[in-house]
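Q: Please take a close look at one part of this structure, the surroundings of the ligand. Then place that part in the rest of the chain.

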Amino acid sequence: MALHSGVSFVRLNGFRHLARLLSTHRKPNIVQNEKNADFPGAKAPYVTEIKFLNESSYDPIPIYRVLDNNGEVIDNNEEPNIDRDTLLNMYKSMIQLSQMDKILYESQRQGRISFYMTNYGEEGIHVGSAAALSPKDLVFAQYREVGVFLFRGYTVTELVNQCYGNCEDPGKGKQMPVHYGSKQHNIVTISSPLATQMPQAVGAAYALKRIPNNDRCVICYFGEGAASEGDAHAAFNFAATLDCPVIMLCRNNGYAISTPTGEQYRGDGIASRGPALGLNTVRVDGTDPLAVYNAVTRARELVLGTNKPVLIEAMSYRVGHHSTSDDSSAYRPLEEIDKWTKDESPIQKFRLYLEQKGLWNEEADKAWAKECRNTVVRTMQDAEKKKLPHWKEMLEDVYYDMPPRIQKQIQQMEDHLKKYQEHYPLNRYQSE
Ligand SMILES: Cc1ncc(C[n+]2csc(CCOP(=O)(O)OP(=O)(O)O)c2C)c(N)n1
Ligand SMILES: [Mg+2]
């Protein structure tokens with residue numbers, strides 16, 4: 001295994017710091033014979049010594065970052081040139097997201113919605129990547145990437161309507177909360193079974209490549225837990241062998257529900273799989289929105305310039321419980337979380353950066369947080385007043401042509417409701 005693909009990824013884009021980091025990556029010391037083998041499956045040197053390679057044969061893959069914990073740029077050459085409005089949209093989306101998470105999490109506890117998942121600690125991955133993409137790039141998300149929706153202009157109202165499954169939810173209540181999607185914003189609807197989106201994203205990228213003068217790429221977000229699915233391997237291999245313009249972005253947040261990374265995989269995280277499968281690979285600090293922005297900007301140039309996929313592993317920490325069905329105090333100490341909410345908070349780092357640039361201050365921060373809170377509360381009150389979708393909706397839009405057995409069930413349900421309507425809260429549902 002060699003990390004040369006990573007180095008060329010870097011060289012093409014002139015990222016000095018990244019190049020320096022990756023070029024220090026140590027190659028294993030193997031005594032070589034002069035002769036090179038020429039098998040169809042491998043062109044490699046012959047050796048006369050058996051040596052097993054494992055993760056300790058290599059240095060750990062370095063983690064690229066731009067900001068330190070005080071929001072200061074470490075190497076001025078690495079500071080991206082992002083305009084003021086975009087920087088503010090990034091930060092404001094992060095705050096809007098964390099306020100929404102707080103209130104919707106509570107609303108599940110009060111029984112107003114059935115389920116919720118928070119995004120705490122990973123906001124920087126969302127906005128850093130979304131800002132580096134074109135709005136026309138196609139997004140395949142897992143579920144913990146709501147900042148991408150907000151950055152693209154998907155509204156809190158649209159998100160909340162989905163969580164409430166009311167008549168304005170585009171899925172008409174068929175999916176659990178947090179399974180958002182938006183054709184208008186080029187974000188494919190989220191699927192519950194892990195890794196579903198990964199081969200689909202690669203297929204979509206392959207389709208885009210076939211369009212003459214294609215200028216769109218695909219980004220696929222997934223967790224380090226999802227990367228254990230067979231579909232993840234299939235996706236990586238198809239992406240590499242079919243030369244697909246796709247960015248595979250792993251959010252490595254340390255946990256898959258209660259399974260810590262130490263039990264999820266052996267080896268050097270998810271990034272080490274990239275070069276092994278022929279993907280240009282880079283590992284970044286996911287708590288640093290500017291590092292993520294740089295990595296995705298360069299990845300986009302690379303995938304569109306060469307039709308070769310990129311794997312990005314964004315290191316972060318899942319600060320919240322996995323979901324409202326989880327209590328993480330059962331499997332991790334509270335002190336572990338502390339570090340990530342204090343020194344390593346992406347929101348805090350980015351706020352300090354903006355303050356140093358004179359783009360933000362405490363007063364603006366308080367006012368924006370208040371506005372975000374009010375938006376969510378107002379939107380929830382509206383969402384609760386809206387009717388639920390007509391009951392028939394649960395059976396419609398599933399099959400292109402409704403099968404006779406389902407038509408029969410609808411008829412039976414209609415007859416039943418006519419007879420026993422006083423036993424059902426039909427006034428809460430839309431009429432036909
Ligand atoms: C195929 C499949 N297996 C199991 C689950 C249950 N499940 C839902 S989320 C999750 C953890 C995923 O962890 P990760 O990919 O690291 O994402 P994170 O939740 O950390 O963002 C599991 C096991 C599922 N949805 N689909
Ligand atoms: Mg995870």
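A: The model is predicted. Around ligand 1 there are 17 residues, and the closest of them are Tyr-143, Arg-144, Ala-226, Asn-253 and Tyr-255. Sorted by class, this shell holds 7 nonpolar, 6 polar and 4 charged residues.

Three polar contacts can be described one by one. In the first example, an oxygen atom of ligand 1 lies 2.6 Å from a polar atom in the side chain of Tyr-143, a residue that is also among the closest to the ligand. Another example involves the backbone: a polar backbone atom of Leu-194 is 3.0 Å from a nitrogen atom of ligand 1. The side chain of Glu-224 has an N or O atom at 3.1 Å from an oxygen atom of ligand 1. As for cover, ligand 1 on its own has 590 Å² of accessible area, and the protein covers 74% of it.

Tyr-255, listed with the closest residues to ligand 1, belongs to strand S7 (255–256). Between this strand and strand S8 (259–260) runs a loop, and Ile-257 sits in that loop. Ile-257 is not a glycine, yet its phi is positive, at about 50°.

A positive phi also occurs at Asn-186, where the value is about 60° and the residue is again not a glycine. Asn-186 is found in the loop that joins helix H6 (156–164) to strand S4 (187–188).

Val-188, in strand S4 (187–188), takes part in lining the largest cavity. A search of the whole structure gives 1 cavity of 30 Å³ or more, and the space in the largest cavity is about 40 Å³. Besides Val-188, its lining consists of Phe-140, Ala-141, Thr-189, Ile-190, Ser-191, Gln-197 and Gln-200. By class, that lining has 4 nonpolar and 4 polar residues, with no charged ones. The shell around ligand 1, in contrast, includes 4 charged residues.

Finally, the place in the chain. The protein is divided into domain 1 (4–57), domain 2 (76–385) and domain 3 (391–428). The residues named above, from Phe-140 to Ile-257, have numbers that fall within domain 2 (76–385). The C-alpha centre of domain 2 is 32 Å from that of domain 1.

Note on methods. Residues numbered from 1 in each chain as written. Chains lettered and ligands numbered in written order. Predicted model: local features only at pLDDT ≥ 70, side-chain atom pairs only at ≥ 80, totals over all residues. Heavy atoms only, no water. Domains from an automatic or database assignment. Near = heavy atom within 4 Å. Polar contact = N/O pair within 3.5 Å; in protein donor to acceptor, adjacent residues only side chain to side chain. Areas by Shrake-Rupley, 256 points an atom, 1.4 Å probe, with all protein chains shown as cover. Nonpolar A, V, L, I, M, F, W, Y, C, P; charged D, E, K, R; others polar. 1 Å grid on protein atoms, 1.4 Å probe; cavity = no way out; pocket = protein on both sides within 12 Å on 5 of 7 lines; lining within 4 Å. Points joined across faces, edges and corners; volume = space filled by probe spheres on them. Helix = DSSP H or I, 4+ residues; strand = E, 2+ residues; numbered from the N terminus.
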